[in-house]
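This briefing covers selected side-chain contacts and packing in one chain. Please keep the sequence and the structure at hand while reading.

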Amino acid sequence: MVHCVILDTGVRHNHKAFRDEKLSGFTLTGNDELEVQSDFEDTYGHGTAVYGIIREPDTNITNIRLAGIENGMDYVFPMGCHRAVHIDE
C-alpha cells in the first residue's frame, strides 16, 4: 500500500468517476492562525483532476485542501507540507 498526500484545491466529492469511493482529507485555512476544517470540497477543479490522475487501487490518498493560498496566504502551503509529512501522527 502506498500513502500519498495531495496538497491542492481539494476533491469534488460527487465527481462521477469516483463518487462511490471513500475520500479522506481536510482543509487548512486561516487569516491570523492556521485552522483545520473537515470539509475539503474542491471549488476550482484542479485538485479533483490531480486526484483522478494519481488514484490507483492500492493507494491510500489524503487530500489536503489549501484554502486561501490563491489569496496570498503563503504560510498555508508550508504548513500543509508539514501536515503531509506528519500525517500519521
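Arg 55 has a relative accessible area of 27%, so the residue counts as partly exposed. The model is a predicted one. The points below start with the salt bridge of Arg 55 and go on to the aromatic pair, the nonpolar cores and Thr 27.

**Salt bridge**

- The partner of Arg 55 in a salt bridge is Glu 21, with 2.7 Å between the closest N and O atoms.
- Arg 55 sits in the loop between α1 (46-54) and β4 (59-66), and Glu 21 in the loop between β1 (2-8) and β2, so the salt bridge ties together parts that are 34 residues apart in sequence.
- Glu 21 is also partly exposed, because its relative accessible area is 30%, a value between the limits of 20% and 50%.
- Searching the whole structure gives 1 salt bridge.

**Aromatic pair**

- The whole structure holds 1 aromatic pair.
- This pair consists of Phe 18 and Tyr 51, whose ring centres are 4.8 Å apart; the planes meet at 70°, so the arrangement is edge-to-face.
- The angle cut-off for edge-to-face is over 60 degrees.
- Distant parts of the chain are linked by the pair: Phe 18 belongs to the loop between β1 and β2, Tyr 51 belongs to helix α1, and the two are 33 residues apart.
- Phe 18 and Tyr 51 are both buried.

**Nonpolar cores**

- The largest nonpolar core has 7 residues: Ile 6, Val 11, Phe 18, Leu 23, Phe 40, Tyr 51 and Ile 61.
- Both rings of the aromatic pair therefore come from residues of this core.
- Apart from neighbours within four places in sequence, Ile 61 is in contact with Cys 4, Ile 6, Ser 24, Tyr 51, Ile 54 and Arg 55.
- A second core, separate from the largest one, has 6 residues, among them Phe 26, Leu 28, Leu 66 and Val 76.

**Thr 27**

- Strand β2 (residues 24-29) contains Thr 27.
- Thr 27 counts as buried because its relative accessibility is 0%, and the limit for buried is under 20%.
- A polar atom of the Thr 27 side chain lies 2.3 Å from the backbone oxygen of Asp 39.
- Asp 39 is also one of the contacts of Thr 27 outside the neighbours within four places in sequence; the others are Glu 35, Val 36, Gln 37, Phe 40, Arg 65 and Ala 67.
- Phe 40, in contact with Thr 27, is a member of the largest nonpolar core.

Terms used: Residues are numbered from 1 along each chain as its sequence is written. This is a predicted model: local features need pLDDT of at least 70, side-chain atom pairs count only at pLDDT 80 or more; totals for chains, interfaces and linings use all residues. Side-chain values use heavy atoms; hydrogens and water are left out. Helices (H or I, at least four residues) and strands (E, at least two) are DSSP runs, numbered from the N terminus. Buried means under 20% relative accessible area, exposed over 50%, partly exposed in between (1.4 Å probe, protein chains only). A polar contact is a pair of N or O atoms within 3.5 Å; within protein, one must be able to donate a hydrogen and the other to accept it, and residues adjacent in sequence count only if both atoms are side-chain atoms. Contact means heavy atoms within 4.5 Å. A salt bridge is a side-chain nitrogen of Lys or Arg within 4 Å of a carboxyl oxygen of Asp or Glu. A nonpolar core is a set of buried Ala, Val, Leu, Ile, Met, Phe, Trp, Tyr and Cys residues joined through side-chain atoms within 4.5 Å. Rings of Phe, Tyr and Trp (its six-membered ring) pair if their centres lie within 6.5 Å; planes under 30 degrees apart count as stacked, over 60 as edge-to-face and the rest as tilted.
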